[in-house]
Amino acid sequence: MPADFDTIVNLAKKRGFVFQSSEIYGGIRSAYDYGPLGVELLRNVKAQWWRSMVQMRDDIVGIDSAVIQSPKVWVASGHVDSFSDPLVECRECHNRHRLDKLENPDQCPTCGSKGSFTDPREFNLMFRTHMGPIESEDNAVYLRPETAQGIFINFENVRRTVRKRLPFGIAQVGKSFRNEITPGQFVFRTREFEQMEMEFFCHPDEADEWFRYWVDERRNWYMNLGMTEENLQFREHDEDELSHYAAATFDVDYLFPWGWDELEGIANRTDFDLKAHAEYSGEDLTYFDPATNERFFPYVIEPAAGATRTTFAFLIDAYHEEEVRGEKRTVLKLDPRLSPIKVAVLPLSKKDDLVEVTNRVADLLRSRWMIEVDVTQSIGRRYRRQDEIGTPYAVTVDFDTLDDDQVTIRDRDTMEQDRIPIQDLVGYLADRLPS
Ligand code: GAP
C-alpha cells in the first residue's frame, strides 16, 4: 500500500524537508523551498545519480550549462513550435485545465459544469523573458525547459576537449522551468524543478542495444538505492505517445499515492537534436570514426530523470509506520546514502561534562558525515525524531562514558544497540555507511 499523501506532505512540512515558497506572503502556487533536511535529501539523490553516471564510469563526463541560452537553440530543438499542451478554460469558473489530462473532457473538474469549455488552444510551456534592459522581440529569451539541449550544443566542445571516442555520454544536473498549466501534487509537478539528464552518443547501428542497456542500468540504480520493486514499473510508449524527437521511450513510473506516475523517461532520441543544431547553426556536428573512416551523426540514448520528483518518491517509499511495544513508531527507512543526517549525537543530559564529551564525539564525526547534535527532550523522543527523519545511527553519550570512554550506538532499523569505545567509533560507522 502506498503511503498516504497528506501524511507525507505533513511530515515534509513538520520536519523541515519542504516549505511552501513565499509562505509569509500567503505562498505562491507550485513553488517550494527545500528546508534543512530536504536540501540534504535532494543533494544526496543528485550525488548518487552523479556518482553512478559520472564518477564510476570512464565513458561519461559532466557539464553545467547556462539556464539562458540563445533563443535559436529552442527553435532548432522544436520547443518553440511544439513544446505545448492543449489548454481549455471553463466559461463558468474561469479555471484552466490541460485537456489531455481531464478525466471527462466535457466536464470542468473545478466547478462541475458541463459543456462549458472554450475551444482548446496550444499553450507553449516555455517561460519567456527579456535579456537586458529593453523589452523587445529582438531580445526575447527563454528559461530552459530541459537540461538536455545544453548538452547537445556542447557536443563538439566536449568531444574535442576530452578526446572521447564513441560511445560516450555527457551528464548534467540542474534547474529547468516549465509554465505548467496544472502543476500539483506537492513537489511532483512544479514550474521550477531539477532534472538529472544524460545524453549517451553512439553509432546508429548500436542504438537499440544501448537503449536496452540504459533501461537496465536505470532500473538497477533505483533498486540499488532501496526503492521497493513493486512500486516501480517500466512502461514502453506506444507509437502515438512518442515525443517529436523519439524513436522509442520507456517511462519509469512510480506508484505514488494517487497512482502510477512518471519519474523518468528513457528515450532513443536518434540523431534528431545534433542534426537540427547542425542545420540551424551551420556547424559540423558529425562524428568521424578514424577506425572505419565513417562520418555520421551519432544517435543519442537519453535517461532523463526529475531530481525533485525522484526525491519525493524516495521520501514516500521510505515512509513506514510500525508498532513497537504497543506504541506507533514512524520511521523513514531511507538508504543511508540518501539519509539527510547520517549520525545523531545525543548526550543523555545537558550537564557540562557530558556536553564536553559530546562535542569531542561530534568533532570526530562531522568531517566525514552530516551529523546532528540534539540535546532537547527525553532520549526516547529524540530517538523517535531521528527515526522519523531517517537517521541510520544514533550515538548516545551517557554518564558511564565519562568513566569508560564508550558510547552506545543505536541502529535505526533493528533498534539494536552496541556499546563501543569512542576511539573505534569512526571505523564502526565507516563499515556501515557506504559512500
Ligand atoms: N530531455 C527530456 C525531457 O526533459 P521529460 O520527460 O519532459 O523529458 C524528464 O522530463 C523528467 O523531468 C520527467 O520524467 C520528470 O521526472 C521531470 N519533470 C518534467 N517536468 C516536471 C515538472 N513540471 N515538475 C517536476 N519534474 C518534472
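In the predicted model, Tyr213 is partly exposed, its relative accessible area being 29%. The adjoining partner in an aromatic pair, Trp214, is instead buried, with a relative accessibility of 2%. These assignments follow because a residue counts as buried under 20% and as exposed over 50%, and as partly exposed in between. The rings of Tyr213 and Trp214 meet edge-to-face, with 5.1 Å from centre to centre and 90° between the planes. A second edge-to-face pair is formed by Tyr254 and Phe256, for which the centres are 5.1 Å apart and the planes lie at 80°. In this pair, Tyr254 is buried at a relative accessible area of 1%, and Phe256 is likewise buried at 0%.

The search of the whole structure yields 22 aromatic pairs. Through such ring pairs, Tyr254 and Phe256 belong to a cluster that also contains Phe5, Tyr32, Phe186, Phe188, Trp258 and Phe312. One member of this cluster, Phe188, has Arg309 over the face of its ring, at 3.7 Å from the ring centre. A similar arrangement involves Arg410, which lies over the face of Tyr383 at 4.4 Å from the ring centre.

In soluble globular proteins, nonpolar side chains tend to be buried together. The largest nonpolar core of the model comprises 57 residues, and within this core Phe17, Trp214 and Tyr222 touch the most other members. When neighbours within four places in sequence are set aside, the contacts of Tyr222 are Met227, Leu232, Val252, Leu263, Glu264, Ala305, Thr310 and Phe314. A second core, separate from the largest, holds 21 residues, among them Val343, Trp369, Val407 and Val426.

The ligand is surrounded by 21 residues, of which Glu146, Glu180, Thr190, Glu197 and Glu262 are the closest. Polar contacts to the ligand involve both side chains and backbone. In the side chain of Glu146, an N or O atom is 2.7 Å from a nitrogen atom of the ligand. For the side chain of Gln195, the corresponding distance from an N or O atom to an oxygen atom of the ligand is 3.1 Å. Gly306 contributes a polar backbone atom, found 3.0 Å from an oxygen atom of the ligand. On its own the ligand has 550 Å² of accessible area, and the protein covers 91% of this area.

Terms used: Residues numbered from 1 in each chain as written. Predicted model: local features only at pLDDT ≥ 70, side-chain atom pairs only at ≥ 80, totals over all residues. Heavy atoms only, no water. Core = buried A, V, L, I, M, F, W, Y, C linked by side-chain atoms within 4.5 Å. Buried < 20%, exposed > 50% of the residue type's maximum accessible area, 1.4 Å probe, protein only. Contact = heavy atoms within 4.5 Å. Phe/Tyr/Trp six-rings, centres within 6.5 Å; stacked < 30°, edge-to-face > 60°. Lys NZ or Arg CZ within 6 Å of the ring centre and 35° of its normal. Near = heavy atom within 4 Å. Polar contact = N/O pair within 3.5 Å; in protein donor to acceptor, adjacent residues only side chain to side chain. Areas by Shrake-Rupley, 256 points an atom, 1.4 Å probe, with all protein chains shown as cover.
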